[in-house]
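Q: Could you walk me through this one? I am new to reading structures.
A: Gladly; have a look at it, and then ask whatever you like.

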Amino acid sequence: MNLIFLGPPGAGKGTQAKILEERFGYRQISTGDILRANVREGTPLGVEAKGYMDRGALVPDDVIIRMIEPEVDAPGALIFDGFPRTVPQAQALDALLLGKKKSSVAILFEVDNAVLLDRLTGRWTHLPSGRTYHVRHNPPQHDLLDDVTGEPLVQRPDDKEETVRTRLAVYDEQTAPLIGYYDNPDDPRLVRVDGLAPIAAVTEQLVKLVHDGGFAEHRAPAP
Ligand code: ADP
Ligand code: ADP
């Protein structure tokens, strides 16, 4: 079963994707991490994406869909983290998964907008791996250093308050409609987790869903 993590920036999607990767061998596909790697390496894709990312806007759908296509071929169970973010992206993902006879369920991280600004402005990121920390809620073992590699952490430029506000508005306008897309009464495949709970408690909710087959009744019919 492939998982689609849905929820606003700061909801905890990346944090949980990394934990499920480590514990259960899922493979996290984070479009944000792929884009940032391209920006760092100065690829044509990175050059095109940078302006959108810096101002908190979405990168155009055709660019993102082209980028995701080869990722869907990866073996094993996938976690889509930060993708899809628009209805055309969700439709493209459905078509790609159908072509590979793969199914998916969407998990909505329900959070309160009030916590997101605090989570994002306190977030520190290890860019090469995409691991994130929080200055208070999930501090690294050593100040501003990644636990695994000991390399420095950075604050993403788009995690400053002004850009965060834009990103949250973009989520409400362009990404929130995906809740209705996946919660469609004809083919319901949305489950909700309480994203306000502490990190370990959110993981427990996800583990329960994965282990108890809590997805069964939400599963898209096999093509
Ligand atoms: P997303 O990938 O959804 O944008 P992240 O997983 O990067 O969100 O989390 C955003 C910030 O909030 C990070 O600093 C992270 O350490 C922190 N965080 C994640 N989950 C929780 C949680 N359940 N409670 C408190 N802080 C959290
Ligand atoms: P967060 O973890 O805080 O939600 P991401 O790392 O997922 O942020 O995304 C950072 C930026 O990368 C977004 O603001 C956007 O510019 C771009 N981006 C990432 N994924 C997508 C996507 N699926 N569609 C369009 N733009 C994207």
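A: One term will help before we start: a polar contact is a pair of N or O atoms within 3.5 Å. Please also keep in mind that this is a predicted model.

Q: Okay, so how far is Arg36 from ligand 2?
A: A polar side-chain atom of Arg36 lies 2.8 Å from an oxygen atom of ligand 2, and Arg36 is also listed among the residues that come nearest to this ligand, together with Thr31, Ala57, Arg123 and Arg167.

Q: And which atom of ligand 2 does the side chain of Gln89 lie 2.9 Å from?
A: For Gln89 the partner is a nitrogen atom of ligand 2, whereas the side chain of Arg123 has an N or O atom 2.8 Å from an oxygen atom of the ligand.

Q: How much of ligand 2 does the protein cover?
A: On its own ligand 2 has 550 Å² of accessible area, and the protein covers 96% of that.

Q: Changing topic, how many aromatic pairs are there?
A: There are three aromatic pairs in the structure. In one of them, Tyr181 and Tyr182 have ring centres 5.0 Å apart and planes at 85 degrees, so this pair is edge-to-face.

Q: Are those two tyrosines buried or exposed?
A: Tyr182 is buried, because its relative accessibility is 0%, while Tyr181 is partly exposed at a relative accessible area of 22%.

Q: Last one: what is the mean pLDDT?
A: The mean pLDDT of the protein is 93, with 95% of its residues at 70 or more, although over residues 216-223 the pLDDT stays under 50.

Conventions:
Residues numbered from 1 in each chain as written. Chains lettered and ligands numbered in written order. Predicted model: local features only at pLDDT ≥ 70, side-chain atom pairs only at ≥ 80, totals over all residues. Heavy atoms only, no water. Phe/Tyr/Trp six-rings, centres within 6.5 Å; stacked < 30°, edge-to-face > 60°. Buried < 20%, exposed > 50% of the residue type's maximum accessible area, 1.4 Å probe, protein only. pLDDT = per-residue confidence, 0-100. Contact = heavy atoms within 4.5 Å. Near = heavy atom within 4 Å. Polar contact = N/O pair within 3.5 Å; in protein donor to acceptor, adjacent residues only side chain to side chain. Areas by Shrake-Rupley, 256 points an atom, 1.4 Å probe, with all protein chains shown as cover.
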